[in-house]
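This report introduces a protein structure to a reader who has not met it before. The sequence and the model are shown first, and the description follows.

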Amino acid sequence: MMRRIYFCFLLVPLLLTNCTTVNKMSFAGGADKILPVTDYPEFTISKGDEIYIHVSAIDERAVVPFNAEHPYYVEKDGYINLPVLGSIYVVGKTLTETKQMVLDQLKDKIESPYVTVSFASASISVLGEVNSPQQLLVSRPITIFEAIGAANGLTRNACYTQVEVLRAADHEVKKSIIDLTSSAVVQSPCYYLQKGDVVNVRPLHPVLAK
């Protein structure tokens with residue numbers, strides 16, 4: 001059974017080369033290919049997402065009408081409906097952009113407002129030949145190596161050149177195959193995993209698969 005953890009940031013001490021043994025691996029053409037933390041993108045909001053928006057200020061009574069205890073559901077038309085402020089279009093926006101839109105609407109209503117925006121649930125699943133299959137709760141896109149590291153690394157029966165990433169898009173699930181041993185992995189659109197992605201590490205020897 002997968003256990004849920006909140007995943008903030010992990011550097012993955014993996015050394016991979018090909019589908020042989022764990023001890024002989026070196027991956028992605030060397031550590032210089034791994035992008036720094038400052039380059040991490042943000043998730044964008046999609047239809048059907050649920051997001052929390054909380055408004056605070058020095059005068060706590062002033063913000064009461066603007067807050068709800070429940071997350072806001074992103075409707076099919078791309079809008080969320082906020083108390084007092086009304087409808088705001090958020091699809092395709094990042095949490096940072098959404099925060100700024102709410103702040104812009106509040107600036108004439110509350111003195112020195114502060115807004116926090118977060119996903120109610122954003123997860124990535126890591127399955128297959130990893131030591132601890134996980135469903136990771138994430139606040140931002142993470143790399144495929146970070147996801148594998150959060151699942152306690154690959155088993156000795158993992159095939160590093162045939163890692164599947166399943167991603168829902170346009171009402172269908174698209175599958176990409178990732179070669180962890182290639183430096184080209186950092187150019188893949190699946191190098192940074194998105195909320196809802198499923199990483200499935202294929203077995204090198206199916207008969208030995210767990």
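In which sense do strand 2 and strand 3 pair, and over how many bridges? Strand 2 (residues 50-56) and strand 3 pair in the antiparallel sense, over 2 bridges. Helices (H or I, at least four residues) and strands (E, at least two) are DSSP runs numbered from the N terminus, and two strands pair if DSSP finds at least two bridges between them.

This is a predicted model, in which local features need pLDDT of at least 70 and side-chain atom pairs count only at pLDDT 80 or more, while totals for chains, interfaces and linings use all residues. Residues are numbered from 1 along each chain as its sequence is written, and side-chain values use heavy atoms, with hydrogens and water left out.

## The sheet and helix 2

An open sheet is formed by 3 strands in the order 3-2-6, with antiparallel pairing. Strand 3 (72-73) and strand 6 (114-119) stand at the edges with a single partner strand each, so one side of each has no neighbour in the sheet. Within the pairing of strands 2 and 3, E50 stands opposite Y73 in strand 3. Helix 2 (residues 95-106) lies across strand 2 and strand 6 and runs at about 145° to strand 6. Such angles run from 0 to 180 degrees between N-to-C directions, the axes being lines fitted to C-alpha atoms, for helices over the stretch in contact.

## The surroundings of V165

V165 is placed in strand 10 (residues 158-169). V165 counts as buried because its relative accessibility is 0%; buried means under 20% relative accessible area, exposed over 50%, and partly exposed in between (1.4 Å probe, protein chains only). Leaving aside residues up to four places away in sequence, V165 touches ten listed residues, among them I144, S176 and C190. Contact here means heavy atoms within 4.5 Å. From C-alpha to C-alpha, V165 and S176 are 5.2 Å apart in space, although 11 residues apart in sequence.

C190 is itself buried, at 4% relative accessibility, and C159 is buried at 11%. The count of disulfides, defined as pairs of cysteine sulfur atoms within 2.5 Å, comes to 0.

## Positive phi values

Most residues other than glycine have a negative phi. Two residues with a positive phi are set out below.

| Residue | Phi | Location | Relative accessibility |
|---|---|---|---|
| V84 | about 70° | loop between strand 4 (79-82) and strand 5 (86-89) | 56%, exposed |
| N152 | near 65° | loop between helix 3 (144-150) and strand 10 | 45%, partly exposed |

## Aromatic pairs

The structure holds 4 aromatic pairs. Rings of Phe, Tyr and Trp (its six-membered ring) pair if their centres lie within 6.5 Å; planes under 30 degrees apart count as stacked, over 60 as edge-to-face and the rest as tilted. The F43 and F119 rings form an edge-to-face pair, because their centres are 6.0 Å apart and their planes stand at 80°. F43 lies in the loop between strand 1 (3-7) and strand 2, and F119 in strand 6, so this pair ties together parts 76 residues apart in sequence. Both F43 and F119 are buried.

Y79 and Y89 also make an edge-to-face pair, since their ring centres are 5.2 Å apart and their planes are at 75°. Y79 belongs to strand 4 and Y89 to strand 5, 10 residues apart. Y79 is partly exposed at 33% relative accessibility, and Y89 is partly exposed at 37%. Elsewhere, ring pairs link F145, Y191 and Y192 into a cluster.
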